[in-house]
Amino acid sequence: MSCEAGEQIPALRRIALCIRNGGTLSLEERTIVAKCMDGREPVLLSAAAWIVGEYKEKDNSLLEKLKALRQGKLDKMPEAFVRIALEKCEARKMERQWKPRPDMLKDANPYLRLEVMRELLLVNQDDGVAATGKLSEDEDPLVEFAARGICLKAALGSPDMHGLLLDERHELLLTIISGNR
């Protein structure tokens, strides 16, 4: 990550906190999110996608940017976050709560599998534990390790996922969207 890209992290962290607390985005915050999508740096793009997916207000310009990104070639981590964000936006449009589909736990994208598991742990503990059980036997040893670690942390009630994820970029991303350091 470049120094310039790294300078966006504090702003994204503030925006993510605002979204987690049900807030709305200012024009300046929307510009930051759009800039992070345009820059296509994997961590910033993934965080921006998460923000759009969690944002309860309708913002067609950010949604259209996200849809356009889906059409291009993305790294696996941003691809996972863009896919989930688009599904969440579609569910909101249909006035229903988004819930990950079971087939997403078998997707070839390891970030998607882990994020679906994390989402399930956040919204429905039983479904999350079942998903964690499946992924703790994953063919990918990194996914297996991460799933076991997340399961252990969740059982202990700890929101800190540091040292348990696929790579440093994924860990950095989660510190942005979860507010943990």
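Relative accessible area sorts residues into three classes: buried means under 20%, exposed means over 50%, and partly exposed lies in between (1.4 Å probe, protein chains only). The exercises below concern a predicted model, in which local features need pLDDT of at least 70 and side-chain atom pairs count only at pLDDT 80 or more, while totals for chains, interfaces and linings use all residues. Residues are numbered from 1 along each chain as its sequence is written, and side-chain values use heavy atoms, with hydrogens and water left out.

**Exercise 1. Classify Arg 40 and Glu 95 by accessibility, and describe the phi angle of each.**

Step 1. Arg 40 lies in the loop between α3 (27-39) and α4; helices (H or I, at least four residues) and strands (E, at least two) are DSSP runs, numbered from the N terminus.
Step 2. The relative accessible area of Arg 40 is 38%, so Arg 40 is partly exposed.
Step 3. Although Arg 40 is not a glycine, its phi is positive, at about 60°.
Step 4. Glu 95 belongs to the loop between α6 and α7. Its relative accessibility is 74%, and Glu 95 therefore counts as exposed.
Step 5. Glu 95, a residue other than glycine, has a positive phi near 60°.

**Exercise 2. Determine the confidence of helix α4 and the surroundings of Ser 46 and Ala 47.**

Step 1. The protein has an average pLDDT (the predictor's confidence in each residue, from 0 to 100) of 85, and 91% of the residues score at least 70.
Step 2. Among the elements, helix α4 (residues 42-54) has the highest mean pLDDT, 95, and helix α9 (residues 141-155) the lowest, 77.
Step 3. Helix α4 contains Ser 46 and Ala 47. Ser 46 counts as buried because its relative accessibility is 0%; Ala 47 is likewise buried, at 0%.
Step 4. A contact requires heavy atoms within 4.5 Å. Leaving aside neighbours within four places in sequence, Ser 46 is in contact with Met 77, Pro 78, Phe 81 and Leu 173.
Step 5. Not counting residues up to four places away in sequence, Ala 47 touches Leu 12, Leu 173, Ile 176 and Ile 177.

**Exercise 3. Characterise the largest cavity by volume, lining and residue class.**

Step 1. On a 1 Å grid over the protein atoms alone, a cavity is a set of points where a 1.4 Å probe fits but cannot get out, and lining residues have an atom within 4 Å of a point. Grid points are joined across faces, edges and corners, and a volume is the space filled by probe spheres set on the points.
Step 2. One cavity of 30 Å³ or more is counted, and the largest cavity holds about 60 Å³.
Step 3. Its lining consists of Trp 50, Gly 53, Glu 54, Phe 81, Ile 84, Ala 85, Lys 88, Glu 115 and Glu 119. Two or more of the lining residues come from each of α4, α6 (76-93) and α7 (110-123). The largest share, four residues, is from α6.
Step 4. Ala, Val, Leu, Ile, Met, Phe, Trp, Tyr, Cys and Pro count as nonpolar, Asp, Glu, Lys and Arg as charged, and the others, Gly among them, as polar. The lining of the largest cavity thus divides into four nonpolar, one polar and four charged residues.

Note on methods. On a 1 Å grid over the protein atoms alone, a cavity is a set of points where a 1.4 Å probe fits but cannot get out, and a pocket is an open set with protein on both sides within 12 Å along at least five of seven lines; lining residues have an atom within 4 Å of a point.
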